[in-house]
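Reader: Got a minute to go through this one with me? Let's start with the ligand.

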Amino acid sequence: MLPLPGHPSLTKDLRSLKGVGPQLERILQEKGFQTVGDLLSLMPNRYQDRRALTPLDRLRADSEALINGQIEDLRPKRSGRTGRRFFEIIISDDTGQVTAFWFRLPAYLRRTMKKGDRVLLFGQVKDYQNRLYILHPEIIPWQGKEPPIPEIRPVYPELEDIKPGVLRRIMAQASRELSGVPAIFPQAWLKKQNLSDPITSLMTIHRPPARKTGPLPRSDQSRAWRSLSLFELIFIQLALARTRARLNREQGLTFPIQSRLGNQFLSSQPFKLTPSQAQVLKEIQQDMAAPRPMNRLLQGEVGSGKTVLAMTAALAAIDGGFQAAFMVPTEILAQQHYQTLTPYATRLGLTIDLLVGSRTEAEKNLCQEHLASGKIQLVFGTHALFSKAVQFKSLGLVVIDEQHRFGVAQRLALKSKAARPDLLVMTATPIPRSLALTLYGDLDLSMIQGLPPGRQPVKTKIFSSQNRVEAYQNLAQEVLNDGQAFVVAPRIEAKETETNVSEDLSAAKDLFRFISQEVLPQVEVGLVHGRMKIQEQQAALEAFRKGRIRVLVATTVIEVGLDVADATMILIEGADRFGLAQLHQLRGRVGRGPRPARCILISGSEDSPSESRLQIMARTSNGFILAEEDLKFRGPGDAAGLKQSGMPSLTWARLPHDLPLLLQARKLAQEIIASDPELDDPNFRLVRDVVNQIDRKMQGELVEAG
Ligand code: ADP
Ligand code: MG
């Protein structure tokens, strides 16, 4: 929905439109249209060209035409074969003849026509047994010589059973309201950018000026369309740029660039940072040392080594006398981080703790008490860290790992836990640039290029379900040759409706039975899924880490963040049920050490399209390419990830297709905010109105999340 300013013509309710009664209103409201202004975001699918008459000898099959001719003959008929009644008239002009054909033509319309009359018709031309027909044409009432008006008519998508004519008349009324609405942007600015105002563009979309010739306004070729896409993005970028400018004006905390704890931690690692990691660490340290709060997004491939940087940052905050909080999407991952850091913490004399849902009330209470008193210096946790009860004494740094699972709103909610903590957001899900700029336009970006040295790409092979036996032979071989494997199932339990359970290995429990009894009865096989007690999950994972369990059957609880350096294979059942970005994450669970690793994808179906989609996994290990592909695959209708994040969904712009527009929008928004941070210029009053609406929407999500 393109947000529009609160002008009285646009905020009118739908019932103010002629022809909208309670029933129509309900349908429109269910589609998300509350006001006349909302309705203007309903885009025409296409346009009908009614500007010029087509001579009858120029009619082409499968096109639409406006024709004018004399009625030579007219009669009701009945098909000899089917017995179905229809009505046809034969029309001629100077150049030729055509038959107009209706299955059902109301009697009152029939009565308007008689032999020798001239008629004006608009309809679809079809070829049937080498003859051209015009099917169910609209009869346009008219007496004169020229068609009444040169007309380009928008055709709107079907909305349930609203008749096309009714919807068109409603839209025509709605768009007439635009004539009283002033431009949103100041004329001088528009002129300088060579843009037309969104209001003008909306007018063009719904009431295209009937130029005598030229192409029909159509989708992204049309200037108006592009302009609306651009403005839709500009409004969002303005909201983000303003938020960011506000954050930058805030007084933040300063931490020492070089921290003793951080350096000790780094030098105790068995490796040296890669140049890219070192560069990113420098960016983080500079942010933390600066008096304004850090708001940084750290992107890096799966396994690129983000954790060590975040820990170093956390230790710097602690060195500066503050607390740090490390938030992750799963308990398993929180546990992993906690365990990794425990030995260092013990050695360095730090107090760290874990705040996750599965801990007892008493434990949680104690943890909260110690967070409030400042006793705990570093806490790992899941969204439990969000809950209202959690207060910090002096929160200096918030790290959010695997950010793709958190929306903008949660991000802001956690920030509200303390005055102005620094914020480091990390993601391994390679967010396509187009989405990153939209979702995280208020953050600075850092990127770890490449992977630590010595890593070998994970060899990926795809099996169809018929060749499953071979796939499991591969698994058995790997494990018997001293390898260790994850096996991933899309679900925990088989659906009850499925009769032939042994054929369906999409359920983790069945897969566990199958592997431990039939494929590898001689080795230890483990099972982990989200409905197990966290302690049991933990135990299974620990046994796998230690190498006692050789095969770990799992659901997607292992999707993000898990770091088991010795795992050499991952086999994914029903791989076609996962998105590419998700498969990439899962595949990233192996190949995290120097040992070569393999990935086996078993496609559940024999469908060729999804197979070919999976083939991309074999061709590339570049997460960005995979994410872009994923986005394309989901199609333009689903503004992927946007809805989930609390961003206004996009009506006009399409990502990643419109990345150039997004970059332009971002630049324009930044320029505006640079010279007028709060949009105080009275000429930008309407712009501010729209931007405030977007902000409120994001804040609204925030309240729900909190
Ligand atoms: P991710 O970026 O996916 O969170 P991790 O931070 O879990 O990746 O790191 C993956 C593995 O790589 C860890 O075992 C970590 O110790 C190791 N690692 C990190 N940096 C380096 C490096 N510079 N050289 C070698 N190994 C590294
Ligand atoms: Mg990680």
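Author: Sure. In this predicted model, the space taken by ligand 1 is the largest pocket. A pocket here is an open set of points on a 1 Å grid over the protein atoms alone, where a 1.4 Å probe fits, with protein on both sides within 12 Å along at least five of seven lines.

Reader: Which residues come nearest to ligand 1?

Author: G303, K306, T307, R455 and D563, out of 16 around ligand 1, counting residues with a heavy atom within 4 Å.

Reader: What does K306 do with the ligand?

Author: An N or O atom in the K306 side chain is 2.7 Å from an oxygen atom of ligand 1. G303 uses a backbone N or O atom, at 2.6 Å from a ligand oxygen, and R592 puts a polar side-chain atom 2.9 Å from one.

Reader: How much of ligand 1 does the protein cover?

Author: 85% of the 560 Å² of accessible area that ligand 1 has on its own (Shrake-Rupley method, 1.4 Å probe).

Reader: Switching topic: how many salt bridges?

Author: The count is 34, taking a Lys or Arg side-chain nitrogen within 4 Å of an Asp or Glu carboxyl oxygen. One of them is K31 with E160, whose closest N and O atoms are 3.7 Å apart.

Reader: Why does that pair tie separate parts together?

Author: Because K31 lies in the loop between α2 and α3 and E160 in the loop between β7 and α5, parts 129 residues apart in sequence.

Reader: Any ground rules?

Author: Residues are numbered from 1 along each chain as its sequence is written, and chains are lettered from A and ligands numbered from 1 in written order. Local features need pLDDT of at least 70, side-chain atom pairs count only at pLDDT 80 or more, totals for chains, interfaces and linings use all residues, and side-chain values use heavy atoms, leaving out hydrogens and water.

Key:
A polar contact is a pair of N or O atoms within 3.5 Å; within protein, one must be able to donate a hydrogen and the other to accept it, and residues adjacent in sequence count only if both atoms are side-chain atoms. On a 1 Å grid over the protein atoms alone, a cavity is a set of points where a 1.4 Å probe fits but cannot get out, and a pocket is an open set with protein on both sides within 12 Å along at least five of seven lines; lining residues have an atom within 4 Å of a point. A molecule sits in a cavity or pocket if more than half of its atoms lie within 2 Å of its grid points. Helices (H or I, at least four residues) and strands (E, at least two) are DSSP runs, numbered from the N terminus.
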